[in-house]
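Please look through the model below before reading on. The text takes the contacts with DNA and then a metal site.

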There are 2 protein chains.
Amino acid sequence: MPHSRKRRDQGKHSRIRSDHATEIAEDYVEAIAEVIEASGTCRAVDLASRFEVSHVTVNRTIGRLARDGWVETEPYGPVVLTAKGKQLARKAAERHAVVLKFLMAIGVRESVAKIDSEGIEHHVSPETLDAMRAFLSEHAD
Amino acid sequence: MPHSRKRRDQGKHSRIRSDHATEIAEDYVEAIAEVIEASGTCRAVDLASRFEVSHVTVNRTIGRLARDGWVETEPYGPVVLTAKGKQLARKAAERHAVVLKFLMAIGVRESVAKIDSEGIEHHVSPETLDAMRAFLSEHAD
DNA sequence: CCTGGATTTTAGCCTGTGCTAAATTTGTGT
DNA sequence: ACACAAATTTAGCACAGGCTAAAATCCAGG
Ligand SMILES: [Mn+2]
Ligand SMILES: [Mn+2]
Ligand SMILES: [Mn+2]
Ligand SMILES: [Mn+2]
């Protein structure tokens with residue numbers, strides 16, 4: 001039999017907790033990509049205003065993102081995405097867009113869908129995302 | 001014009017943060033109601049095994065829930081829901097059930113839908129919940 | 001070049017949510 | 001009655017992610 005399995009055996013709720021741990025990373029890399037796309041570079045203040053948190057909070061969050069290999073930055077410099085960060089940003093943006101379109105397709109107003117999708121996106125598994133995509137193709141009028 | 005509005009003006013992301021703050025309360029009162037329903041009373045250990053966290057974590061979480069008026073408990077005693085707690089439990093269970101059924105209705109397998117709904121439920125606004133309900137009635141075969 | 005405003009960093013605080021180890025309490029079976 | 005097992009509580013730790021105030025740095029206009 002497999003060795004002792006002390007490892008927390010990913011039940012439902014551990015999945016939720018790990019989703020929460022990565023969702024800030026997802027939102028940040030997505031936002032960083034958008035800001036860079038729109039204005040060339042991304043500074044901490046841009047993220048602070050976007051997320052409505054203090055610039056100090058952004059600074060420390062960026063530190064964690066750098067530690068975990070999503071972004072690179074040097075003192076007083078802008079934030080850039082690593083290759084890994086760019087990939088996550090692309091994946092997150094794509095999934096976010098599907099969720100948003102899907103909510104609107106079932107009749108949720110855009111203003112509400114924008115808010116709800118921002119939270120829902122992080123908990124949508126690949127299988128559920130596929131179901132949403134399938135729904136969108138079927139109902140492409 | 002209205003005075004200065006320093007008040008953080010609930011953008012998209014503050015909604016997400018407040019959702020996260022209440023989701024443990026929602027999951028706990030829902031679980032407490034279920035355990036009481038199933039076995040008469042609810043003890044901390046029941047919640048620890050259900051959420052796969054330590055009994056110490058449960059103990060402190062229950063303390064916060066009591067502080068916020070969702071549950072009542074006395075030293076070494078079981079956990080009971082306040083009126084407010086029962087109401088939240090009912091609302092959360094109802095919403096959770098709708099989300100789960102909805103995911104299955106769009107073709108997500110039950111095992112996956114159970115996991116995803118556990119995270120998604122907390123970010124579904126009343127309007128989106130209504131859209132899901134409407135979808136379920138329309139597609140009631 | 002130098003200075004003032006914008007920006008970032010540092011210091012120091014808080015709460016929530018996770019843990020282990022140890023102490024305490026409860027309640028049950030003999 | 002009492003010991004023992006189960007449950008809870010306490011103590012003490014860690015990290016994420018919020019904040020304000022103050023210091024440091026950067027850069028652009030004069
Ligand atoms: Mn997103
Ligand atoms: Mn998001
Ligand atoms: Mn639930
Ligand atoms: Mn849940």
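How far from a phosphate oxygen of DNA strand C does a backbone N or O atom of Val45(A) lie? In this predicted model, the distance is 3.1 Å. Chain B also reaches the strand: a polar backbone atom of Ser54(B) is 2.7 Å from a phosphate oxygen. Arg60(B) has a polar side-chain atom 3.0 Å from a base oxygen of DNA strand C. Two or more residues each come from helix H2 (44-51) and helix H3 (55-67) of chain A, and from helix H3 (55-67) of chain B. The largest share, 5 residues, belongs to H3(B).

Altogether, 19 residues surround DNA strand C, and Arg17(A), Asn59(A) and Thr57(B) are among the closest. By type, this surface has 9 nonpolar, 4 polar and 6 charged residues. On the DNA side, 65% of the strand's atoms within 4 Å of the protein belong to sugar or phosphate, and the rest to bases.

Now turn to the manganese ion (ligand 4). Its protein donors come from Asp27(B), Glu118(B), Glu121(B) and His122(B), at 2.0 to 2.4 Å. Glu118(B) gives both an O and an OE atom. Along the chain, the donors follow the spacing D-x90-E-x2-E-H. Distant parts of the chain are linked here: Asp27(B) is in helix H1 (residues 12-39) of chain B and Glu118(B) in helix H5 (residues 110-120) of chain B, 91 residues apart.

Are Asp27(B) and Glu118(B) buried or exposed? Asp27(B) counts as buried because its relative accessibility is 9%, and Glu118(B) counts as buried because its value is 4%; the cut-off is under 20%. A second manganese ion (ligand 3) lies 3.7 Å from ligand 4, and Glu121(B) coordinates both.

Terms used:
Residues are numbered from 1 along each chain as its sequence is written. Chains are lettered from A and ligands numbered from 1 in the order in which they are written. This is a predicted model: local features need pLDDT of at least 70, side-chain atom pairs count only at pLDDT 80 or more; totals for chains, interfaces and linings use all residues. Side-chain values use heavy atoms; hydrogens and water are left out. Donors are N, O and S atoms within 2.8 Å of the metal (3.2 Å for Na, K and Ca); water is not among the atoms, so sites may look incomplete. Helices (H or I, at least four residues) and strands (E, at least two) are DSSP runs, numbered from the N terminus. Buried means under 20% relative accessible area, exposed over 50%, partly exposed in between (1.4 Å probe, protein chains only). A residue is near a molecule or strand if one of its heavy atoms lies within 4 Å of it. A polar contact is a pair of N or O atoms within 3.5 Å; within protein, one must be able to donate a hydrogen and the other to accept it, and residues adjacent in sequence count only if both atoms are side-chain atoms. Ala, Val, Leu, Ile, Met, Phe, Trp, Tyr, Cys and Pro count as nonpolar, Asp, Glu, Lys and Arg as charged, and the others, Gly among them, as polar.
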